[in-house]
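Colleague: Please take one part of this model and walk me through it closely. I would like to look at a sheet and at what surrounds it.

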Amino acid sequence: MKVALIYPPYSSAIAPHLALPALTAFLRREGREVVQADANLWLHRWLLTPRALEQRLAELAEEHRRLAAGPGDQSRLLNLAAWIRIIPQLAARIGQSRAALGRRETWRMDSRSGRGGHAPHAGLLRIAETLLLHDFPLDRWTTLSAGDLARTVRQGGHPILARFDREVFTPWLRQTKPDLVGFTIPFRQQLLPALTMAAAVRREAPGAKIVFGGHLMTQQLGDPQRLAALFDLLDFAVVHDGEESLSSLCRQLEQGSDPTIAGNLFWRDSQGAVRQSPTVGPLSPADLPAPDFQGLELDGYLSGTVIFPLETSRGCYWNRCTYCSYHRGEDGAWRPIPLDKVAANLEGLISRHGAAAVMVVDEAVPPNRARRLAGIIQDRGLDLAWYFMGRLEEGFTADLCRQLADSGLYGIFFGLESGCEEVLGRMGKGIDLQAARGVLGNLAGTGLAAHISLIGGFPGETTEQAEQTRDLAVDLIRGIPGFTANAHTFHLNRNSEIYQYPAKYGIAGGRGEDGQTLAIHFEAEPLPGAGGPGPGELAGLINTGLRPHTHPQILTEEEGVIYFLNHGRQEFLRRWALGTNPPRVPSGDKDLFRATGEVVLGRAENDGPSGGVTLCHLVCGVLVGAPASAGRVLALFLEGPAGDTALDSEGVWERLGRPAALPVPAVRGILAKLCDFGALEKVYG
């Protein structure tokens, strides 16, 4: 039996996901022929091209001509006009930027400003992505029911995905001729692309069995009948650990036995009901082979250095956070992989692929295990930059932090989530804030990086509590190179404790949860009559306070590892410090502004380039589509090298020729907005 395993679009293309190599290794160990394909990487490579942009330009120009000939939607006309101006600039540079992101030397921080070299290129690709997908955002379909999704695909689906299917996926499918096609779907925005490709398999290889798996499928366990309509396009869904279930399914199909004997399966019976096979226990970590990356196009990722994902455990050893849904299921218990296996896997990545950077993808690494991992790397002389996620607990002593730094660790991602003891208690975090301060102090003393993740708008959180979180986070990161923090807006995760008992947490449930949607997280629905600021407002309050104290680019996880690898610890921290802007002692009442050298690319959230709505676009140094007044102001700071120009608002007005149409208060407002966007830096005194 020939098995094709596919990671569908659309997510980051900076590093490979671990799911395919883990499944591939298990099936190949049993002698099966396996082809693994990162279709997400394929779509990035196919979509972000001059050809795709020029095709989109022709479509938009034709729409503009039609609207301009009649009364037309004036807002849409403005949008179209802005896009038509921007696309040729993008098309002329997108190949250069894609190539640059694949070179290691791009991922270096500027020696004068501390800005990352990948920023203009990654930003250009993000804007191209926005323009290409603006009218067809994949997230639009993430809250639909299975029936609506299946109907969307049958009726032609997403036009860009349909074109990708015709030009890229279907030719590959005809050449590969698989007997079983498995799609692993960890993220919600991957569901529609996976269904579109499943429809192609039904059409081109009608005898092939189609299997969906991954976190998105496991999250539907509470009500599997929601999935019924999906089985128009697939045969089985696998939940929990996929290795043994998929292997058993292949075995039954090869033997002509009843395939539903395999455990942890969903399927639809002849009466249209979704049925589930018996749940089988989680795999023993000792039975897991080393992930097999053979067959993936490792030189195609947009990072310049391949960051290999590595797991040293499954599940979460804390396992108590009330907002989390990853641990709620048969496979939620923490299962550490034997350390001799972890060591062999690390050595295998180096010997087979020349690995220089590793991202440990465990939910959290306990301090004692982190010590032993560092010991393995040191004792075996492995030359690696690595990174992991941890909990802010006392076990991260100064001695351990020094050992971690000596082993090549870049830093640790911590989920603090709140700076308020009361909110932390409702979250079930089990974090002592005084201990958290001590851990971060230990890290700072060794030059390790740290990113602090926060949540704004947890149910019941007040403005005062959000301010406590902001103030604590500022205090923890201020003036420490390598330390960053940011807040995410609270979302209600399906199957979390809060989702199951919303009234206990003072909410009515999830907005949009209608018993049919396949969405896996929701906006929290307040109880009738409840007032106060919303989650987005509280997250914004925290982030606004953090902005002056953190690096303009929060280089966490994969991105930070690449920069760290390129510079070494001391030089990395030195350049990082250049990119931060701690408040200086005010001198008089003048705020001076200077160029930061950062390229600004459509920072308006959830909004594509739209005339005057998006402030400005700089495409590799070329100002495009900005309002004229903002463009005139910003141009003053682009005349010389970054940092050479420093002006106050009156100085800018003078340099502009004292225009009556643009008085000093207007200039001051533009400068403030440009600082918000990251195009300028405010300098006190």
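Modeller: Here is the sheet, strand by strand, followed by the chain around it. Keep in mind that this is a predicted model.

Start with the sheet itself. Six strands build it, and it is open. Read across, the order is β8-β11-β12-β13-β14-β15. The pairing is parallel. Two strands sit at the edges: β8, residues 307–310, and β15, residues 483–489. Each of these pairs on one side only. From one strand to the next, the twist averages 20 degrees.

Now go to the β15 edge. The partner there is β14, which covers residues 449–456. Seven bridges join β14 to β15, and the two run parallel. Pick out one position: Ile452 stands opposite Ala485 in β15.

A helix belongs to this corner too. Helix α18, residues 535–546, lies across both β14 and β15. Its direction makes an angle of about 165 degrees with β15.

Next, step back to the protein chain. It holds 23 helices and 23 strands. Its radius of gyration is 26 Å, close to the 26 Å from the globule rule for 685 residues, so the chain is as compact as a globular protein of that length. The C-alpha trace spans about 85 × 70 × 60 Å along its principal axes.

What about the inside? Of the 685 residues, 57% are buried, with under 20% relative accessible area. Take the contacts with a separation of 6 or more: 76% of them link residues 24 or more positions apart.

Finish with the outside. The accessible surface is about 27,100 Å². Carbon and sulfur atoms account for 50% of that surface.

Definitions and conventions. Residues are numbered from 1 along each chain as its sequence is written. This is a predicted model: local features need pLDDT of at least 70, side-chain atom pairs count only at pLDDT 80 or more; totals for chains, interfaces and linings use all residues. Side-chain values use heavy atoms; hydrogens and water are left out. Two strands pair if DSSP finds at least two bridges between them. Helices (H or I, at least four residues) and strands (E, at least two) are DSSP runs, numbered from the N terminus. Axes are lines fitted to C-alpha atoms, for helices over the stretch in contact, and angles run from 0 to 180 degrees between N-to-C directions. Contact means heavy atoms within 4.5 Å. The radius of gyration is taken over C-alpha atoms; the globule rule is 2.2 Å times the number of residues to the power 0.38. Buried means under 20% relative accessible area, exposed over 50%, partly exposed in between (1.4 Å probe, protein chains only). Accessible areas come from the Shrake-Rupley method with a 1.4 Å probe; for residues, only the protein chains shown count as cover.
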